[in-house]
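Hello,

I am passing a structure on to you, and I hope you enjoy looking through it. Please open it first, then read my notes below with the picture beside you.

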Amino acid sequence: TALCQTTVSGDWTVGSISCLLGIVFVSAAFSGVYLWSSELAPSSHRGLVFSMCSVISRVGGFFGPMMFNALAKAAGPAVPIIIIGTMSCVAAVVSWLLVETSTTSIAEIPADIATRRAKNWKMF
């Protein structure tokens, strides 16, 4: 915790700069995932997928800070950071299992996705 409270310049500490950079990168990742989700759903289900993603992101944005602060008080300040870091690493590994869509057309019906998955999962 001493490193987080090290003053860099004026009122800026290492912890405050880390939080600011975290917010910037999370915002960029959220925008990318929001745009990427349009390619994962067929046209017939795209509106439903967008609305579900939006609802889940709003719920997470609402409960995330409350859970983070409550967990930091109950278990220590490092525990929420470890949990979020672990979840980020798991999400990065799982994202490698998603279907590549750069060389294919956007799916129009759910059967298109089933065909695409069957083709890409042959390697496993």
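**What I found**

Of the 124 residues in the protein chain, 10% count as buried. Please keep in mind as you read that this is a predicted model.

Let me start with the overall layout. The chain contains four helices and two strands. If you follow the sequence from its start, the elements come in the order β-β-α-α-α-α.

Next, have a look at the surface. Which residues make the nonpolar patch of about 590 Å²? They are W12, I17, L20, L21, V24 and F25. Helix α1, which covers residues 14-40, is the main contributor to this patch, giving five residues. W12 sits in strand β2, made of residues 12-13. Is W12 buried, partly exposed or exposed? Its relative accessibility is 44%, so W12 counts as partly exposed; the partly exposed class runs between the buried limit of under 20% and the exposed limit of over 50%.

Now for the pockets. The largest pocket has a volume of about 2100 Å³. It is lined by 43 residues, and those closest to its centre are G22, V26, I84, M87 and S88. Three elements give two or more residues each to this lining: α1, α2 (46-75) and α3 (78-95). Which element provides the largest share of the lining? That is α1, with 15 residues. Helix α1 therefore turns up twice in these notes, as it also gives the most to the nonpolar patch.

What kinds of residues line the largest pocket? The lining divides into 28 nonpolar residues, 14 polar ones and one charged one. If you wonder how such spaces are found at all, rolling a probe the size of a water molecule over the atoms shows where empty space is left.

One last residue to find is F68, in helix α2. F68 has a relative accessibility of 31%, so this residue counts as partly exposed. How far apart are F68 and V79 in space, C-alpha to C-alpha? The distance is 9.0 Å, while along the sequence F68 and V79 are 11 residues apart.

Happy exploring, and best wishes!

Note on methods: Residues are numbered from 1 along each chain as its sequence is written. This is a predicted model: local features need pLDDT of at least 70, side-chain atom pairs count only at pLDDT 80 or more; totals for chains, interfaces and linings use all residues. Side-chain values use heavy atoms; hydrogens and water are left out. Patches are made of residues with over 30% relative accessible area and no salt bridge: like charges are joined within 9 Å, nonpolar side chains (Val, Leu, Ile, Met, Phe, Trp, Tyr) within 5 Å. Accessible areas come from the Shrake-Rupley method with a 1.4 Å probe; for residues, only the protein chains shown count as cover. A salt bridge is a side-chain nitrogen of Lys or Arg within 4 Å of a carboxyl oxygen of Asp or Glu. Buried means under 20% relative accessible area, exposed over 50%, partly exposed in between (1.4 Å probe, protein chains only). On a 1 Å grid over the protein atoms alone, a cavity is a set of points where a 1.4 Å probe fits but cannot get out, and a pocket is an open set with protein on both sides within 12 Å along at least five of seven lines; lining residues have an atom within 4 Å of a point. Grid points are joined across faces, edges and corners, and a volume is the space filled by probe spheres set on the points. Ala, Val, Leu, Ile, Met, Phe, Trp, Tyr, Cys and Pro count as nonpolar, Asp, Glu, Lys and Arg as charged, and the others, Gly among them, as polar.
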